[in-house]
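Here is a short briefing for a reader meeting this structure for the first time. It covers a ligand site, then a sheet and its helices.

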Amino acid sequence: MKAGTVAVIGRANAGKSTLVNVLVGEKVAIVSPKPQTTRDRILGILNEAGAQVVFADTPGIYKAGTALSGRMLRTAESTAKDVELILFVHDGHKGVSEEDIALMKRYQSVGVPMLIAYTKTDIMPAENIPQDVKEICEGGVSCDVYPVSARKGRGIEKLRRAIVAALPEGEPLFPEDIVSDKSERFMLGEIMREKILLKYDKEIPHGIAVLVTKFERGQNGVAEVALDIVCEKPNHKAILIGKQGAALKEVLSFARKDMEKFLGCKVFLTGYVKVKEGWRDSANLLHEYGYDEER
Ligand SMILES: Nc1nc2c(ncn2[C@@H]2O[C@H](COP(=O)(O)OP(=O)(O)OP(=O)(O)O)[C@@H](O)[C@H]2O)c(=O)[nH]1
Ligand SMILES: [Mg+2]
């Protein structure tokens, strides 16, 4: 059978996690309109007759400002080296700049076969596509470009076929009944982070870590989830909580609904907001919140 790992690489906010979710057919990674949504390497596993594709979703390429973003960048870099294929995701609706071409060439020079997914074609004029593809080729990038819309599901099947065809023959790396390497506990924390990314301005979510402190499925079919929402500043804490706790209540309620869908049972969710100044630059706290480089 065809089997292998595909590193999904590209700029922050390009649409990598959305594409991985669509290719796998299940939500394995959270998505938001804000750059730097994905912080860890997340494996999404696609099983089909005669093939197993392991997609390694990575944090988007973005200039590093904190120890956390430095780690995120290194996660993307190291993932690209140890795979059978690189899927470079490009946000087509932003056009193609010289820096984009330079980045594509840099990943092509890793020496692993590469395909380009040119995504978000649903929010751009279709006539720009051939010109952009030509520019990519003439810029010296010698790999196939697949225009897709992850949101509308366009071009996905063709891309999936091309990915499978590019993989070597091999044995599956994971059992066929799992879709992700991450635990339910990890996903619960990510669902909370996704709702915070969607609700608050970007200065706040970028400084958030979510620590799941309790996850227990009770006899009564209710899962009890407690988490700490760690932020960087006292004024962020005040914004997160809102007037008489209204903002926190709302964001917890959004998260709870998604957690119930994810776990398939009722969820009793409690969340506490805590302040840890400078946690994004503290090696100990990065470790405590699960942002280690080697895992
Ligand atoms: N219109 C449209 N929007 C898309 C498409 N794919 C992704 N998006 C949107 O683009 C934004 C970023 O998507 P993500 O999947 O989180 O992007 P990412 O590359 O994983 O981002 P980081 O994890 O921050 O690097 C979200 O608002 C998505 O809904 C698409 O095909 N069409
Ligand atoms: Mg992502």
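A polar contact is a pair of N or O atoms within 3.5 Å. The model shown is predicted. Two topics follow: the surroundings of ligand 1, and a three-stranded sheet.

**Polar contacts of ligand 1**
- A polar backbone atom of Gly-15 is 2.9 Å from an oxygen atom of ligand 1.
- Ser-17 uses its side chain: an N or O atom there is 2.9 Å from an oxygen atom of the ligand.
- At Thr-37, a backbone N or O atom lies 2.7 Å from an oxygen atom of ligand 1.
- On its own, ligand 1 has 660 Å² of accessible area, and the protein covers 94% of that.

**The shell around ligand 1**
- There are 24 residues around the ligand. Lys-16, Thr-18, Gln-36, Thr-37 and Asp-122 come nearest.
- By type, the shell holds seven nonpolar, 11 polar and six charged residues.
- Helix H1, residues 16–24, gives the most to the shell, with three residues.

**The sheet**
- Strands of a sheet pair through backbone hydrogen bonds, either parallel or antiparallel.
- This sheet is open, runs in the order E7-E8-E9 and has mixed pairing.
- Strands E7 (209–217) and E9 (266–275) are the edges, and each pairs on one side only.
- From one strand to the next, the twist averages 15 degrees.
- E7 pairs with E8 (residues 222–231) in the antiparallel sense, over eight bridges. Val-210 stands opposite Ile-229 in E8.

**Helices on the sheet**
- Helix H6 (residues 184–199) packs on the sheet and touches E7 and E8. Its direction makes about 130 degrees with that of E7.
- Helix H9 (residues 246–263) also packs there, touching E7, E8 and E9. The direction of H9 makes about 135 degrees with that of E9.

Definitions and conventions: Residues numbered from 1 in each chain as written. Chains lettered and ligands numbered in written order. Predicted model: local features only at pLDDT ≥ 70, side-chain atom pairs only at ≥ 80, totals over all residues. Heavy atoms only, no water. Near = heavy atom within 4 Å. Polar contact = N/O pair within 3.5 Å; in protein donor to acceptor, adjacent residues only side chain to side chain. Areas by Shrake-Rupley, 256 points an atom, 1.4 Å probe, with all protein chains shown as cover. Helix = DSSP H or I, 4+ residues; strand = E, 2+ residues; numbered from the N terminus. Nonpolar A, V, L, I, M, F, W, Y, C, P; charged D, E, K, R; others polar. Pairing = 2+ DSSP bridges. Axes fitted to C-alpha atoms, helices over the stretch in contact; angles between N-to-C directions. Contact = heavy atoms within 4.5 Å.
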